[in-house]
Amino acid sequence: MSKAYLVAYNTIQALGWSYILFQMITHLSSGGEAKTLYANTKLSLQIFQTGAILEIFHAMFGLVRSSVQVTTQQVFSRVYVVWAVLYMCPTSQLSFGFPMLLFAWTITEIIRYSMYAVNLVGTPPYFLTWLRYTFFIIAYPVGVSGELICSYVALVQALEQDILSVHLPNMLNATFSFPLIILVIMLSYIPLFPPMYMYMFGQRKKVLGAKKEE
């Protein structure tokens, strides 16, 4: 039962991200501007990226062997960008960072979910495995750059318009600075991204190297 559910989940996600890629290509090829791309893809993006929250529960209940902590961090980083950055700070939707992150996310997720779905019912073909452990070389830097550009634009708007911030005096006698949260998360990319990127190179060597030996 759990296997059938996971096959269905990964297949739906692969199809969903394929549809987002289709929307992106259709929009740009028909003469649409990059700054209007978000309006054309936002609903699909919000649905399928938010749907990834289920992966935390997959790990929590042992449906997959992934770490709950690592899965939570990975899912949170994307959901945060979708809702806290892009949704709450509309100027970030217009930046050239959005097409960058959308391109990286869509291709990465199509490959990842396709591989997971196939792996549940058989052995993934070599080309799919190769894509899974090769495309990240381009996708990770492009995606992270896009996320940081959108975050910077959101930071500026949050500062100028005082978005979601709470100042004293108030009943709770507490303060909250949304721009500071954005800044802290942006700075966290510095220590977190390089190890993750290098880890994937290690995985690439391990997996593709083993395939060549076979």
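In this predicted model, F98 touches L37, Y38, T41, L45, L86, S92, Q93 and C150, leaving aside residues up to four places away in sequence. Two residues named in that contact, F98 and L45, recur in the interior: together with W17 and I182, they have the most contacts inside the largest nonpolar core, which has 53 residues. The elements that give two or more residues to this core are the helices α1 (2–29), α2 (37–50), α4 (68–87), α5 (97–121), α7 (136–161) and α8 (178–213).

C150, one of the residues that F98 touches, leads to the cysteines. C150 counts as buried because its relative accessible area is 0%, below the 20% cut-off. C89 is likewise buried, with 0% relative accessibility. How many disulfides does a search of the whole structure find? The search finds zero. For C89, the closest cysteine sulfur is that of C150, and the 11 Å between the two sulfurs is too far for a bond, since a disulfide requires sulfur atoms within 2.5 Å. Seen from the other side, C150 is in no disulfide, and its nearest cysteine sulfur is that of C89.

The surface also has a nonpolar feature. Y5, I53, L54, F57, M60, F61, L63 and V68 make a nonpolar surface patch of about 700 Å². Helix α3 (residues 54–60) supplies the largest share of this patch, with three residues. L54 is a patch member and is found in helix α3. Is L54 exposed or partly exposed? L54 counts as partly exposed because its relative accessibility is 40%, which lies between the 20% limit for buried and the 50% limit for exposed.

How values were computed
Residues numbered from 1 in each chain as written. Predicted model: local features only at pLDDT ≥ 70, side-chain atom pairs only at ≥ 80, totals over all residues. Heavy atoms only, no water. Patch = residues over 30% accessible without salt bridge, like charges linked within 9 Å, V, L, I, M, F, W, Y side chains within 5 Å. Areas by Shrake-Rupley, 256 points an atom, 1.4 Å probe, with all protein chains shown as cover. Salt bridge = Lys/Arg side-chain N within 4 Å of Asp/Glu carboxyl O. Helix = DSSP H or I, 4+ residues; strand = E, 2+ residues; numbered from the N terminus. Buried < 20%, exposed > 50% of the residue type's maximum accessible area, 1.4 Å probe, protein only. Core = buried A, V, L, I, M, F, W, Y, C linked by side-chain atoms within 4.5 Å. Contact = heavy atoms within 4.5 Å.
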